[in-house]
Amino acid sequence: MPNNQIDLVIISGMSGAGKTVAIQSFEDLGYFTIDNMPPTLVPKFLEIIDQTNDNKRVALVVDMRSRTFFKEINMILDEIEDKDNLSLKILYLDATDNELVSRYKETRRSHPLAVDGRVMDGIKLERELLAPLKSLSQNVVDTSELTPRQLRQVISEQFLSASNTVSFRVEVMSFGFKYGIPLDADLIFDVRFLPNPYYLPELRQQNGLDKPVYDYVMEQEESESFYQHLVDLLIPILPAYKKEGKSLLTIAIGCTGGQHRSVAFAHRLAETIQKDWPVNESHRDKDKRKETVNRS
């Protein structure tokens, strides 16, 4: 896709058919996403996107919450389709009446078009009003029998191409337990059982990315055994996390202060995993002690 081309997906469809899951899926695929975009703002928004060098892959939810939707959507579509650098697709999500009623009962929400709270009346009216838009949609997905995970998979298969960002990546991070466990970690491993370089004066001011510290940590007999068991555990299960629909798996390795042992282990693990998977390596507390000394 040329750098100046805008890849736009408009997400619409029946209320309760899964638009929230859909917009989250596009965000995971690397799209810039906006929920509940008023149709009249779409052309102006595309002008802004066109003038930037940022992400030009955009997914917008335009639905019944925009009260002027039906009067304006066709006019807006005609206007933006004339843009030479725009690739437009409409994703329409649908489900059977029985399934939509069941979902509304589960969530105890009222339908936006329901008269006197009768869900079935709202569904019937919405289906009639949305029929023309459904006929224009290039991608129609019936979510009646789909779980959220399956819907994410369908969207990934339909909209993820070789030129797009990857749909699954791994974050390997180090941290210090004394500063708290990272709340966004999916898997946490503790290496505080290893000999601590902090107690060696010549290593104390360095961190696990420095060769003397890295070598000291990895030369311990317990280190190699632990690392091999860790890799044997993680490598086989990464495909299962991707298959489950997860877009980011965060693996956190902690030691006491997050400067020595955990940094060395996280760095080595990231180098191993990146042979097969996209990886980002980070060290949350690597410089915390240095910052504390500077403030004092």
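The paragraphs below follow two helix–helix packings in this predicted model, that of H9 with H10 and that of H1 with H6.

Two packed helices are described by the angle between their axes and by the distance between those axes. For helix H9, which spans residues 221–243, and helix H10, which spans residues 261–273, the axes come within 11 Å and cross at roughly 40°. Because angles under 35 degrees count as roughly parallel and those from 65 to 115 as roughly perpendicular, H9 and H10 are therefore oblique to each other. The crossing of these two helices, H9 and H10, is right-handed. On the H9 side the contact is made by Ser223, Glu224, Phe226, Tyr227, Gln228, Leu230, Val231, Leu234, Ile235 and Leu238, which meet Phe265, Arg268, Leu269, Thr272 and Ile273 of H10. Sorted by class, the residues in this contact between H9 and H10 comprise ten nonpolar, three polar and two charged.

The other packing brings together helix H1, residues 19–28, and helix H6, residues 148–159, whose axes lie 9 Å apart at an angle of about 50°. That angle makes H1 oblique to H6, and the crossing of H1 and H6 is right-handed. From H1, the residues Val21, Ala22, Gln24, Ser25 and Phe26 meet Pro148, Leu151, Arg152, Ile155 and Phe159 of H6. In the contact of H1 with H6, seven residues are nonpolar, two are polar and one is charged.

Key:
Residues numbered from 1 in each chain as written. Predicted model: local features only at pLDDT ≥ 70, side-chain atom pairs only at ≥ 80, totals over all residues. Heavy atoms only, no water. Axes fitted to C-alpha atoms, helices over the stretch in contact; angles between N-to-C directions. Helix = DSSP H or I, 4+ residues; strand = E, 2+ residues; numbered from the N terminus. Parallel < 35°, antiparallel > 145°, perpendicular 65-115°, else oblique. Left-handed = near helix turned anticlockwise from the far one by under 90°. Contact = heavy atoms within 4.5 Å. Nonpolar A, V, L, I, M, F, W, Y, C, P; charged D, E, K, R; others polar.
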